[in-house]
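Thanks for coming. I have one structure to go through today, and I will keep to the strands and a few backbone details. Please have a look at the model first.

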Amino acid sequence: MVEPGPLIARPEPARRVTPAGRAHRLSRRRMLGSAVATAGLAALSQGARTVRSAPTRQTSPGSGVVGATLVEPPVLRSADGHLDVALEAQFGPAMIGGRAVTTYTYNGHAPGPTLRLQPGDSLGVTLTNQMDQPTNLHTHGLHVSPAGNSDNVFVHVMPGETFAYEYAIPPDNTSGLYIPGLYWYHPHLHGYSSDQVSGGMAGALIVEGALDALPGIRDVPERVLVIQATQFDADGVMISFPKMDVIDIFVNGQIHPAMEIAPGETQRWRIINASSFTFLNLALDGHQLHQIASDANPLREVRSRDQILLATGERIEVLIQGGPEGVYALQSLPWGADLEFQAQPALPIASLISSGPAVTPEPLPTTLIPFEDLRQAMIDKRRELIFSEEMKPFEVLINSHTFDEDRIDQTVKLGATEEWLLRNTSPDWHPFHIHVNDFQVIEINGESVDAYSWEDTTPIPAFGEVLIRSRFLDFPGKFVYHCHLLDHEDQGMMGVVEVVE
Ligand SMILES: [Cu+2]
């Protein structure tokens with residue numbers, strides 16, 4: 001998660017995004033949407049449900065309505081080195097935003113349970129597909145094997161099938177890597193990811209560790225915020241591709257929830273952008289965001305900022321210190337005014353209510369946890385990946401290809417340190433994500449970056465480029481890299497990398 005630098009000066013490319021091109025994209029969206037709507041009506045006809053509107057308490061000047069108190073997803077915690085979880089993938093009734101809706105969930109709840117584990121634990125997930133379309137499971141950011149029944153996105157769990165995943169979470173400091181952090185799980189089946197994830201199939205996966213024990217972080221109350229941009233139609237059925245200006249932002253399945261804090265109190269917020277195509281330009285009125293982690297990586301030192309851009313798939317952890325008594329809006333500020341289709345208005349997310357007796361703020365930590373700086377590393381191989389868009393018909397491509405799970409796009413030697421230039425020739429930002437191995441951002445638009453941590457997802461600006469370095473450690477096998485705008489991934493902006501011994 002990095003902030004974009006200025007764009008490289010380059011000739012203005014021809015703007016190939018035409019109204020006709022957009023219409024094509026929309027027509028595909030409508031096609032998918034109508035399939036969902038049909039299935040949704042069938043589900044609705046199966047039984048009446050109570051409709052309940054979200055309780056409201058007061059009005060916040062920044063975000064409008066202040067909703068009910070934020071509720072965290074249920075927590076499932078490992079014991080004796082193991083955690084077993086049963087997830088039933090469903091398209092059916094759920095309560096989201098205090099409203100009975102028809103959507104994609106695990107076990108009827110959006111988001112799914114929060115899984116808490118220790119380094120070295122094993123995680124077993126029994127995934128049962130109760131939908132009429134295929135699915136599977138990805139543990140986003142986890143440094144685990146991509147093979148067999150581990151983080152293998154080539155597995156297809158067909159309707160009616162059950163698949164038993166087993167993930168061996170490495171001990172901390174495996175290959176010098178810091179393993180603990182904030183991960184998340186979600187479906188990753190090509191062609192189906194966007195709807196299933198934005199419908200609500202997503203959950204937090206937390207591996208506990210050394211960052212949690214640092215002074216100024218330990219003993220600090222913690223919140224998990226799984227943020228998803230979704231929209232439902234008048235019948236409560238999830239809309240596949242909602243309009244950005246009427247989209248709703250849900251936090252843990254609630255709309256505009258309220259969080260409480262005492263003036264001066266410190267809280268730790270673990271935030272996941274589990275949206276399919278909505279960026280979060282996060283800002284909390286009257287407060288700084290004291291960032292301590294990016295994706296599942298601790299920063300080398302605390303980074304205090306007024307706003308943080310969180311692309312789809314990215315996570316941050318921040319410390320918040322409660323301001324004077326009052327109601328403060330957590331929102332996504334307007335973003336991308338110069339962009340044609342990705343431009344976003346201000347989007348209200350939640351409210352922070354500061355009240356009660358003031359406490360003296362604890363000192364913020366400064367130095368956190370160091371990482372290996374790959375700027376000094378010897379590079380074994382350099383590659384270039386070009387992210388492009390074509391119109392008529394609309395296509396999203398990497399190196400002129402759409403995804404083919406039977407084609408190996410990059411063959412990497414186990415243990416290699418590589419440098420990849422990610423070039424975006426399109427007018428859309430594309431959040432780049434690679435499975436299994438994190439990377440360090442070295443340059444954005446030709447300007448060097450003094451990174452605070454490694455990451456597993458980072459946005460490539462429109463007509464921009466990002467230079468990354470990564471080490472392909474521990475795990476031979478096939479996995480993928482892709483755009484984390486999930487409708488782009490579904491349309492083929494994804495490639496296969498195979499790590500060979
Ligand atoms: Cu994309």
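I will start with the overall make-up, go on to the sheets, and end with some residues in loops.

This is a predicted model, so please hear every value as computed from predicted coordinates. The protein has three helices and 34 strands. Of its 501 residues, 48% are buried. On contacts: among those with a separation of 6 or more, 79% are between residues 24 or more positions apart.

Now a single strand, β7, residues 122–129. Which of its side chains are buried? Leu123, Val125, Leu127 and Asn129 point to one face and are buried. Ser122, Gly124, Thr126 and Thr128 point to the other face and are not buried. So the side chains alternate along the strand.

What does β7 pair with? Strand β4, residues 82–96, pairs with β7 in the parallel sense, over eight bridges. In that pairing, aspartate 84 has glycine 124 of β7 as its bridge partner. Strand β9, residues 162–168, pairs with β7 in the antiparallel sense, over seven bridges. There, the bridge partner of threonine 126 is alanine 164 in β9.

Next, two open sheets. One has seven strands, in the order β14-β13-β12-β16-β21-β18-β19, and its pairing is mixed. Its edge strands are β14, at 254–255, and β19, at 297–305, each of which pairs on one side only. Within this order, β16 (residues 266–273) and β21 (residues 315–321) are antiparallel to each other and share seven bridges. If you want a residue to click on, tryptophan 269 has valine 318 in β21 as its bridge partner.

The other open sheet has five strands, ordered β15-β23-β22-β17-β20, again with mixed pairing. The edges here are β15 (258–261) and β20 (308–310), and each pairs on one side only. From one strand to the next, the twist averages 25 degrees. In this sheet, β22 (residues 326–332) pairs with β23 (residues 347–354) in the antiparallel sense, over seven bridges. Leucine 330 has alanine 350 in β23 as its bridge partner.

That leaves the loops, beginning with cis peptide bonds. Where is there one? Alanine 110 and proline 111 are joined by a cis peptide bond, with omega about -5 degrees. Proline 111 sits in the loop between β5 (99–106) and β6 (114–117). Lysine 392 and proline 393 are also joined by a cis peptide bond, with omega about -5 degrees. Proline 393 is in the loop that runs between β24 (381–390) and β25 (395–398).

Then positive phi. Valine 436 is not a glycine, yet its phi is positive, at about 75 degrees. This valine 436 is in the loop between β28 (430–434) and β29 (439–444). Is valine 436 buried or exposed? Valine 436 counts as buried, because it has 25 C-beta neighbours inside 10 Å, and the cut-off for buried is 20 or more.

Phenylalanine 463, another residue other than glycine, has a positive phi near 55 degrees. Its loop lies between β31 (457–460) and β32 (465–471). Phenylalanine 463 has 18 other C-beta atoms within 10 Å, so it is partly exposed.

To recap the loops: cis peptide bonds precede proline 111 and proline 393, and phi is positive at valine 436 and phenylalanine 463. I will take questions now.

Terms used
Residues numbered from 1 in each chain as written. Predicted model: local features only at pLDDT ≥ 70, side-chain atom pairs only at ≥ 80, totals over all residues. Helix = DSSP H or I, 4+ residues; strand = E, 2+ residues; numbered from the N terminus. Buried ≥ 20, exposed ≤ 12 C-beta atoms within 10 Å, placed from the backbone. Pairing = 2+ DSSP bridges. Axes fitted to C-alpha atoms, helices over the stretch in contact; angles between N-to-C directions. Contact = placed C-beta atoms within 7 Å.
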